[in-house]
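Got the viewer open and a selection box ready? Let's take a walk through this one, stop by stop.

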Amino acid sequence: MRRSIREVQAYKDRGEKFAMITAYDYPSAKLVDEAGVPLILVGDSLGMVVLGYDSTIPVTMEDIIHHTSAVVRGAKSAIVVADMPFMSYQVSPEEALRNAGRLMKETGATAVKLEGGAVMAPTVAKIVQAGIPVMGHVGLTPQSVNQLGGYKLQGTTPRAAVQILTDAAALQDAGAFAVVLETIPARLGKLISQRLTIPTIGIGAGRGCDGQVQVFHDLLGLYEDFKPRHARRYAELGVAIREATARYIEDVREGSFPGEAESFRVDPAKLKEVETLVYRGAGSSQAAQQMAE
Ligand code: KIV
């Protein structure tokens, strides 16, 4: 059975830390779900780690719908949050609601996430009023990378820090059930987490956050173009995949793959039938005999 959004608040109320991880397809969702992660985010980071773009800007509604549907099929227990892509919610609260509704109806996600602070509060309120749980996202908001001038630490001046706190509080007041804090000083992450009653989920925001989120590919060494400072590598799957593929290539080249275990034999009882139906010309018995060997 799928977990409920209320469990996320319960973590904070109990003072229990929790993890969220991104996933973008059926097998990865199934694996992280089986590992017990309570929250999966189908982040628009898929634009970079799955689709090979250099930012999240080109990601479309169709991309998120396609990938979230696969994740929902793979994850039986985790809450699945679909990220709203750039320009799917910025134009007007009405358009945002329409797109949030599409994500819910067409994917089976439990909630949506969108970036932005106080300015997005009316949009968050509108979506929440329609019965759709919303996760906020402040601090470094990658869809605004061109305005921010790069993927830089945010909230480094007192004024900027207060703005991030104000933004997070505005999202809470608008009805968001949780808020992601990205790439801000750890002290600020802790302060915001203490001030808010809803859970904060940090990524590069220190251990004082209520939960943590990481990108699947960063944790598992699958995206080697860039390693963010906030990510810890729990596995080197990129290395493992290259090594395994090289072994496969070599086995094919030297003729040791496929072997007995990977080959199929004809049932001897059926051999006669095969002989009659398929091999009619000269040498048919010999060919059929070879198939059985
Ligand atoms: O798109 C994403 O993966 C995200 C996380 C980094 C929070 O927004």
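Start by selecting Met87, which sits in the loop between β3 and α5. (Helices, H or I runs of at least four residues, and strands, E runs of at least two, come from DSSP and are numbered from the N terminus.) Met87 is not a glycine, yet its phi is positive, about 75 degrees. With a relative accessible area of 41%, Met87 is partly exposed. (Buried means under 20% relative accessible area, exposed means over 50%, and partly exposed is in between, using a 1.4 Å probe and protein chains only.)

A word on what you're looking at: this is a predicted model, where local features need pLDDT of at least 70 and side-chain atom pairs count only at pLDDT 80 or more, while totals for chains, interfaces and linings use all residues. Residues are numbered from 1 along each chain as its sequence is written, and side-chain values use heavy atoms, with hydrogens and water left out.

**Zoom out**

Now show the whole protein. Its secondary structure comes to 13 helices and eight strands. The C-alpha atoms fill a box of roughly 90 × 40 × 35 Å along the principal axes. The radius of gyration is 25 Å, whereas a compact globule of 293 residues would have one near 19 Å. (That radius is taken over C-alpha atoms, and the globule rule is 2.2 Å times the number of residues to the power 0.38.) Of the 293 residues, 48% count as buried.

**Helices α5 and α6**

Next, select residues 93-107 for α5 and 121-129 for α6. Two packed helices are described by the angle between their axes and the distance between the axes. Here the angle is about 45 degrees and the axes are 9 Å apart, which makes α5 oblique to α6. (Axes are lines fitted to C-alpha atoms, for helices over the stretch in contact, and angles run from 0 to 180 degrees between N-to-C directions. Under 35 degrees counts as roughly parallel, over 145 as roughly antiparallel, 65 to 115 as roughly perpendicular, and the rest as oblique.)

The crossing of α5 and α6 is right-handed. (Right-handed means that the near helix is turned clockwise from the far one by less than a right angle; anticlockwise would be left-handed.) To see the meeting point, show Pro93, Glu94, Ala96, Leu97 and Ala100 in α5 along with Thr123, Lys126 and Ile127 in α6. (Contact means heavy atoms within 4.5 Å.)

Stay on Thr123 in α6 for a moment. Is it buried or exposed? Thr123 is buried, at 5% relative accessible area. Leaving aside neighbours within four places in sequence, Thr123 is in contact with Tyr89, Pro93, Ala96 and Leu114.

**Over to α4**

Keep α5 on screen and add α4, residues 61-74. The axes of α4 and α5 come within 9 Å and cross at roughly 35 degrees, in a right-handed crossing. Residues to light up on the α4 side include Met61, Ile65 and Val72, and on the α5 side Asn99, Leu103 and Thr107 are among them.

Now bring in α2, residues 26-35: its axis and that of α4 come within 7 Å and cross at roughly 40 degrees. The two helices are therefore oblique to each other. Tyr26, Ala29, Lys30 and Asp33 of α2 make the contact with Ala70, Val71, Arg73 and Gly74 of α4.

Just along from there, pick Lys76, in the loop between α4 and β3. Lys76 counts as exposed, at 56% relative accessibility. Setting aside neighbours within four places in sequence, Lys76 is in contact with Met1, Arg2 and Asp33. What separates the C-alpha atoms of Lys76 and Ala29? The distance is 9.0 Å, although the two residues are 47 apart along the chain.

**Three loop stops to finish**

Select Thr183, in the loop between β6 (178-182) and α9 (186-195). Thr183 has a positive phi, near 45 degrees, in a residue other than glycine. Thr183 is buried, at 15%.

Jump to Gly208, in the loop between β7 (200-203) and β8 (211-214). Gly208 is partly exposed at 22% relative accessibility, and it touches Lys17, Gly189, Lys190 and Ser193, not counting residues up to four places away in sequence.

Last, find Pro258, in the loop between α11 (237-254) and α12 (268-277). The peptide bond from Phe257 to Pro258 is cis, with omega near -5 degrees.
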